[in-house]
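User: Please take a close look at one part of this model, the pocket and the strand that contributes to its lining, and set it in the context of the whole chain.

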Amino acid sequence: MFHSSITIDAPPEAVFDELSHVERHPAWASPKADMTMEQVAGDGPGPGAEYRSTGIFTKSRVSADRP
């Protein structure tokens, strides 16, 4: 089983705020993933928010929709 961890020198609230904005994921994803993300429903993070992403995963271009 693979395990990885990181230490983030920031308050938990700031980390949660950044991670809750799913549309920002490409900014901190691996550059090799060539990821794009767009919000397709809802207004900002929260109930009703839905997203569509595309990127490279295991050498194949993939896409996903995620409420």
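Analyst: In this predicted model, a convenient place to begin is Ser53, which sits in strand S2. Ser53 counts as buried because its relative accessible area is 15%, under the 20% cut-off that defines the class. Leaving aside residues up to four places away in sequence, Ser53 is in contact with Thr36, Met37, Val62, Ser63 and Ala64.

Strand S2 also matters for the description of the largest pocket, whose volume is about 270 Å³. There are 15 residues lining this pocket, and those closest to its centre are Ala33, Met35, Gly55, Ile56 and Phe57. Two elements, strand S2 (50–57) and strand S3 (60–66), each give two or more residues to that lining, with the largest share, 5 residues, coming from S2. Sorted by class, the lining consists of 7 nonpolar, 7 polar and 1 charged residues.

As for the surrounding chain, the protein has 2 helices and 3 strands, which follow the order α-α-β-β-β from the N terminus. The radius of gyration is 14 Å, well over the 11 Å that the globule rule gives for 67 residues, so the protein is more spread out than a compact globule. Along the principal axes, the C-alpha atoms fill a box of roughly 35 × 35 × 20 Å. Buried residues, Ser53 being one of them, make up 13% of the 67 residues. Of the contacts between residues at least 6 apart in sequence, 9% join residues at least 24 apart. The protein exposes about 5600 Å², of which carbon and sulfur atoms supply 58%.

Notes
Residues are numbered from 1 along each chain as its sequence is written. This is a predicted model: local features need pLDDT of at least 70, side-chain atom pairs count only at pLDDT 80 or more; totals for chains, interfaces and linings use all residues. Side-chain values use heavy atoms; hydrogens and water are left out. On a 1 Å grid over the protein atoms alone, a cavity is a set of points where a 1.4 Å probe fits but cannot get out, and a pocket is an open set with protein on both sides within 12 Å along at least five of seven lines; lining residues have an atom within 4 Å of a point. Grid points are joined across faces, edges and corners, and a volume is the space filled by probe spheres set on the points. Helices (H or I, at least four residues) and strands (E, at least two) are DSSP runs, numbered from the N terminus. Ala, Val, Leu, Ile, Met, Phe, Trp, Tyr, Cys and Pro count as nonpolar, Asp, Glu, Lys and Arg as charged, and the others, Gly among them, as polar. Buried means under 20% relative accessible area, exposed over 50%, partly exposed in between (1.4 Å probe, protein chains only). Contact means heavy atoms within 4.5 Å. The radius of gyration is taken over C-alpha atoms; the globule rule is 2.2 Å times the number of residues to the power 0.38. Accessible areas come from the Shrake-Rupley method with a 1.4 Å probe; for residues, only the protein chains shown count as cover.
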